[in-house]
Amino acid sequence: MEQPIGPLSSFDYDLLVVGAGSGGQAVAKEAVGFNKRVLVVDPVTPFSEGTTSVLGWSSVTMATVKKLLHRASQLGQDIQDSQKYGWRFKETASHSWRDLSQALLGHAEACVLEVRRDLTECGAAYLRAGWEMLAPHVVEVTDTDGRKSRLSVGTLVIDPGERPRYPGVPGDREHCVTSNELFSRPRPPGRTLVVGGSPEGVECAGFLSGLGHEVTLMLPTTDFLPGFDLKMSQKIENHMLVHGVHFLYEHTLSKVEQIGAQEWGVPAGTSASALRGAAGGLRASLVSREGRATQEDFDTVLLAVGIEASTSNIGLELVGVKCCPDGQVLVNELDQTSVDHVYCLSSSSSSSSSSSSSGLGPHCPSPVLRARSGRLLAHRLYGGPTPPCDYSNIPSVLFAPLEYSACGLSEERANATFGEANIEVYHSYYWPLEWTVPARDKNSCYAKVICHLPDQERVVGLHLMGPNAGDIVQGFSAAMTGGLTKRQLDATAGLQPTAAQVLTNLMVTQRESEAMMVRGNC
């Protein structure tokens, strides 16, 4: 039986959803199921000169593109390994950046069309346009042809997405690229400087190094992946060093300039957007912690200094919506802003702050988590009382050269929460079977579980570094949600010969390993 429209029928739309990421899609589809009139506005947001965002790229599509880039970089190693398995090639394998770029753009466009089709087929209206709030229940939208119209809306839900942050130095917007633009460049990146140690920076450095490019990862401090589990971040760093990524610690970027076109073979007068697509020609001015200035030349400078919410210049302040200095919208545990009828997904709240305690540190919420939040919000708005989204035991993945995935607490956060004496950590290195024939990286893959001793050794953190780590941890996260204990984990039959079985056979504690090391040094 159809549900009545309700008291919001005097508005043009019962619900306006701004942002077609996974959270926006979810809340729109669920609201249509409650017989609400829904409009999804997909904002047209410039990334930089000559580029704009498209529907869904801020979440689902960009996440899949990152995994595909990770896979592309792995294939080079697989080709080398295949010779140990008896494969022979008539020609030397080489990589085509242009072919990869075209394949990824094709995949992204297919995702865009699929999302738009899903929204329209479920009954939601869709509009690609800019938008701005003019009054508490009035928004102005500007379509791609520049036509403006005003709409009245009962409830507004913002799924803002993120955009790369620029460091604000001369030449950053004119000559540098970000992770959003990297894969759409027609020419290979060549010798690349990655500025910043954000998760996106680590992933991009790994992708490019795996594809055969010389990469330097520049960090403002000596802390690698701050906020992540310390021991896991150290292992990721060591693996990247061994596999050819150069690290430049305690340096910051002060300026980027184009080297003379004649010197690099680029025609004089080439536009800034074309220069970003050309190979070579950038001089980066760097400053050390002591203040020593140096210059170094690169083909590409990739900015990965963090992300910020896309919430500026849209009129939120006009209606009283409060934001943090970094642009994140302040919300309560029910995703509600300081204005009663305005809601925001994946923004700053006391409830979501617990997600930053995971092993993957302050990583942005996954597309699946945002979709979950969106569905719960729609039910809360139109279906009655609904509990807030549970941000504990959320699995996350980092597509570093050696994939890392975690669920629950980092070791540092577990010790701070429960006390070091109440925590036991079980760990082990492991060697994936497929790596034994080519005999590579014997002591690189690593697993550990963090247990709370007084609570029957309940597993409060699970960490895995190795091939397909995200796929493995996803399954164990379901058990952790149900209160998995170390005894239950030990009682689980391991599936031979898979990498996942290592998590069912962790018998050595870190305390025992440290004691053995001390005895060995005596």
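Start with F224: in this predicted model, leaving aside residues up to four places away in sequence, F224 touches V202, L217, L219, S233, I236, E237, M240 and F247. Three of those neighbours turn up again in a bigger picture. The largest nonpolar core has 59 residues, and the members that touch the most others are L217, F224, I236, M240, V449 and L503. A second core lies apart from that one, with 22 residues, among them L16, I314, V319 and V321. As background, nonpolar side chains in soluble globular proteins tend to be buried together.

Now zoom out a bit. The protein has 522 residues, and 50% of them count as buried. You'll find 15 helices and 23 strands along the way. If you look at contacts between residues at least 6 apart in sequence, 67% of them join residues at least 24 apart. The accessible surface adds up to about 23,800 Å², and carbon and sulfur atoms account for 53% of that.

On to the strands. One open sheet is built from five of them, with parallel pairing, in the order β9-β16-β10-β11-β12. Its edges are β9 (177-178) and β12 (246-248), each of which pairs on one side only. Within this sheet, T216 has H246 of β12 as its bridge partner.

Elsewhere, β20 is worth a look. How buried is strand β20? Five of its five residues (404-408) are buried, so β20 is largely enclosed by the rest of the structure. β19 and β20 make a hairpin, with five residues between them. V397 has S405 in β20 as its bridge partner, while A406 stands opposite H463 in β23.

Here are the strand pairings side by side:

| Strand pair | Residues given | Sense | Bridges |
|---|---|---|---|
| β11 and β12 | β11: residues 215-218 | parallel | three bridges |
| β19 and β20 | β19: residues 396-398 | antiparallel | three bridges |
| β20 and β23 | β23: residues 458-465 | antiparallel | five bridges |

Finally, the outside. Which residues form a nonpolar patch on the surface? They are I79, Y85, W87, F89 and V437, which together have about 530 Å² of accessible area. One of them, V437, is found in the loop between α12 (433-436) and β22 (445-452). V437 is partly exposed, because its relative accessible area is 44%.

Note on methods
Residues are numbered from 1 along each chain as its sequence is written. This is a predicted model: local features need pLDDT of at least 70, side-chain atom pairs count only at pLDDT 80 or more; totals for chains, interfaces and linings use all residues. Side-chain values use heavy atoms; hydrogens and water are left out. Patches are made of residues with over 30% relative accessible area and no salt bridge: like charges are joined within 9 Å, nonpolar side chains (Val, Leu, Ile, Met, Phe, Trp, Tyr) within 5 Å. Accessible areas come from the Shrake-Rupley method with a 1.4 Å probe; for residues, only the protein chains shown count as cover. A salt bridge is a side-chain nitrogen of Lys or Arg within 4 Å of a carboxyl oxygen of Asp or Glu. Helices (H or I, at least four residues) and strands (E, at least two) are DSSP runs, numbered from the N terminus. Buried means under 20% relative accessible area, exposed over 50%, partly exposed in between (1.4 Å probe, protein chains only). Contact means heavy atoms within 4.5 Å. A nonpolar core is a set of buried Ala, Val, Leu, Ile, Met, Phe, Trp, Tyr and Cys residues joined through side-chain atoms within 4.5 Å. Two strands pair if DSSP finds at least two bridges between them.
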